[in-house]
Amino acid sequence: MTRQLLFGNHAFCEGAIAAGVRFYAGYPITPATEIAEFMSRRMFEVDGTYIQMEDELASLNAVMGASVTGVKSVTASAGPGMALIQNELGQAVVAEIPAVVINVGRAGPGIGNATRSGQMEVMQARYGPNGECPAVAISPATVEEAFWLTIKAVNLSETLRTVVIVLAEGLLGLQRAVVDLPDYSTIEQTERPRPTMPPSEYSGAYIANELTDVPPVADFGTGYKTILNTVGIQPRGGGDGSTQGGRLENQDFTIRRLHEKILSRKDEVIMTERHQTEDAEVVYIAFGTQAQSAYLAMQQARAKSVKAGMLRLITIWPFPEDAVRECCAKARLVVVPEMNLGQVRMLVVNALADTEAKVVGVNHVDSTYILPEEILAKTEEFLP
Amino acid sequence: MSADAKKNRPDPMTPLDDLIGQYADMPPGNFRYCPGCGLGMAQSALMRAFHRLDLDISQVASAGGSGCYAVMAHYFKSNHVHGSHGRACAVATGMKLANPELTVLTLQGDGDCLAIGGNHFIHAARRNIDITVICFNNFGFGDTGGQLAPTTPKGSVTETSPFGMPEEAFDPCKLAIGAGASFVARSTVAHPVHLTKTLAEAIAWKGFAFVEVLQHCHVLWGRRNGMPEAMDMLNFYREKSAFNTAAISEEECFGSPIYEPDGEQDINFVLGVLHKEQRPELGEELAKLRQRVKGDAS
């Protein structure tokens with residue numbers, strides 16, 4: 001174990017390396033730039049590859065290219081860069097190429113405010129790519145968690161054969177904290193399912209019978225013929241462009257399977273943290289850096305004899321609806337503090353549609369921390 | 001070359017049936033090219049190039065995007081990523097850097113490679129990464145129904161240039177050289193032996209190799225420009241092409257094609273290897289870098 005003073009952005013990198021990542025392609029963009037800078041050094045120290053590409057599109061495509069050869073690969077971006085790569089993100093998801101994308105959120109639309117932080121891509125993570133694309137997105141709250149959740153992201157991307165987004169914020173990327181880094185050889189790494197049959201019996205990377213299947217895929221250059229073609233959408237019958245069954249049947253099966261393979265592994269994917277929610281009449285639901293304020297607000301509310309509880313969403317997508325419902329079973333009021341105009345609040349409202357709980361937000365889009373006092377004021381304003 | 005070596009060298013015109021078993025994986029049912037399409041000829045030339053180089057097909061990896069050519073890789077026994085439109089050079093860069101043992105190709109159309117993918121193309125050329133970019137140039141977007149591309153000869157009619165293409169076209173080879181490609185060649189499907197040899201030389205080249213393959217689309221471009229049959233266009237390539245010999249000046253090798261059916265200046269194509277220059281290859285440079293970083297650490 002070594003103790004290091006790390007930026008959040010550096011902790012992502014160390015987590016990726018600990019998880020076995022040996023390829024990084026990126027394009028500098030504030031506030032994610034330190035990830036590229038750090039990786040341009042570290043990747044070569046661990047016998048990996050760093051390449052700075054011509055844009056974010058190229059970065060994620062190079063990551064896909066490296067990943068299909070079996071090398072775990074990561075890219076990072078922010079704001080407009082994340083907007084730019086939505087198409088590539090969807091392509092990696094439908095082609096089922098494992099990859100991790102770290103989004104160090106900035107604020108505002110368009111080029112936004114590069115040096116300011118936001119939590120404004122919650123909906124983008126799920127609905128950004130075209131064509132009903134599923135998402136796995138996890139959101140760290142501290143620098144230490146940035147390390148551990150990046151490991152988790154890489155492992156999930158492998159076992160699920162999908163893209164995992166680390167949904168972070170500039171406030172976290174540029175925050176420094178002391179982190180105890182473990183011996184990386186003790187880190188549990190998972191691998192994508194690979195074929196166990198001889199090449200002659202392998203008929204492609206998309207052979208699935210059940211909606212919950214994650215089909216095995218052979219790394220390029222290992223003697224198997226692997227065609228990662230998703231036209232039509234994914235030929236279930238084989239990798240040769242032929243289809244078994246009707247094309248529309250394949251399309252329906254594949255789109256549903258891309259979601260179902262994730263949703264059927266909720267225990268593995270969905271992570272939350274609960275504090276005093278058993279008897280809570282007021283529940284604060286927060287994620288990322290703003291969870292800290294929600295936690296403090298809960299403590300202060302309890303001191304005033306308000307039965308307050310707190311739910312931290314670590315996994316944002318798939319959205320932890322069950323956890324929200326469980327924690328809000330006795331709730332009369334739910335407050336959702338977030339650095340956007342109510343994206344998670346909308347999801348909470350949806351999850352609690354059948355209850356009487358009132359759901360309100362505390363929303364900052366000026367990139368300043370939401371203070372516990374603001375959450376408490378909101379509580380007093382609305383508590384019936 | 002000794003007589004024996006000459007004898008053992010695979011004949012560039014090996015019968016196709018022999019090659020299909022070795023390299024191709026033809027699906028049952030329809031062959032997806034239009035009748036008479038140049039892509040079938042390009043595909044057989046590529047198979048012959050594999051044969052000529054005695055390549056292990058399982059170590060060949062390619063990347064492509066959208067376009068008529070996109071089905072080609074599915075007919076090979078190699079590995080392939082059919083990714084998003086235009087990004088093949090970036091995918092191929094990742095593949096080659098992550099596994100330098102692979103023989104990496106991109107199969108791209110002119111629209112894919114030079115319009116939407118132009119940025120990735122020039123940067124891959126600049127890096128001199130050891131990949132071979134094969135650009136099937138049919139003067140337009142075939143898969144979407146014959147719209148103009150950056151390679152559509154000025155003056156010619158397409159679905160989105162009904163009054164004649166008003167813009168100047170790219171000379172893809174000149175662009176590749178300008179961007180730093182270390183091997184640049186042009187051939188046509190009307191010259192199958194030349195095409196086979198050119199593709200083989202490009203694939204064997206250490207560094208970024210670019211081959212522009214003039215491949216006719218008589219259905220969408222030819223029909224609108226007075227060449228409605230496949231043979232019309234094959235004859236057109238034969239008549240309008242010249243091989244790059246000592247008699248041809250460097251300036252004559254390049255140019256933006258102009259289509260003037262009644263004018264004297266018609267489209268001209270100089271075929272052959274137009275540029276060759278040994279430069280350090282990116283993958284090897286990074287391997288040296290790793291050694292150096294390790295040396296510093298110890």
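Domain bounds in this predicted model come from an automatic or database domain assignment.

**View 1. The two assigned domains of chain A.** Here we start with the overall division of chain A: domain 1 covers 2-186 and domain 2 covers 271-382. Their C-alpha centres are 27 Å apart. Where the two domains touch, 22 residues of domain 1 of chain A meet 19 residues of domain 2 of chain A.

**View 2. The side of domain 1 of chain A that touches domain 2 of chain A.** Several elements of chain A supply at least two residues each to this side: the strands β6 (113-117), β7 (136-138) and β8 (163-169), together with the helices α6 (122-127) and α8 (170-173). Look for α6(A) in particular, since four residues from this helix make up the largest contribution. In character, the residues on this side of domain 1 are 14 nonpolar, five polar and three charged.

**View 3. Chain B against chain A.** Moving on to the contact between chains, 38 residues of chain B touch 37 residues of chain A. On the chain B side, two or more residues come from each of β1 (60-64), β2 (79-82), α4 (88-98), α6 (118-127) and α11 (282-297) of chain B. Helix α4(B) gives the most, with eight residues. Sorted by class, this side of chain B holds 18 nonpolar, 15 polar and five charged residues.

**View 4. Strand pairing between chain A and chain B.** Zooming in on the backbone, we find β10 (residues 227-228) of chain A paired with β2(B) in the parallel sense, over two bridges. One residue to pick out is A:Ile227, whose bridge partner in β2(B) is B:His80.

**View 5. A five-strand sheet in chain A.** This open sheet has mixed pairing, and its strands follow the order β11-β13-β12-β15-β16 in chain A. The edge strands are β11 (272-275) and β16 (358-363) of chain A; each has a single partner strand, so one side of each is left without a neighbour in the sheet. From one strand to the next, the twist averages 20 degrees.

**View 6. The β11-β13 pair and a helix on the sheet.** At this edge of the sheet, β11(A) runs antiparallel to β13 (residues 308-313) of chain A, and four bridges join the two strands. Within the pair, A:Glu273 stands opposite A:Arg312 of β13(A). Also shown is helix α13 (residues 343-351) of chain A, which packs on the sheet and touches β12 (282-286), β15 (333-338) and β16 of chain A. The direction of α13(A) makes about 155 degrees with that of β15(A).

How values were computed: Residues are numbered from 1 along each chain as its sequence is written. Chains are lettered from A and ligands numbered from 1 in the order in which they are written. This is a predicted model: local features need pLDDT of at least 70, side-chain atom pairs count only at pLDDT 80 or more; totals for chains, interfaces and linings use all residues. Two residues are in contact if their C-beta atoms, placed from the backbone, lie within 7 Å. Ala, Val, Leu, Ile, Met, Phe, Trp, Tyr, Cys and Pro count as nonpolar, Asp, Glu, Lys and Arg as charged, and the others, Gly among them, as polar. Two strands pair if DSSP finds at least two bridges between them. Axes are lines fitted to C-alpha atoms, for helices over the stretch in contact, and angles run from 0 to 180 degrees between N-to-C directions.
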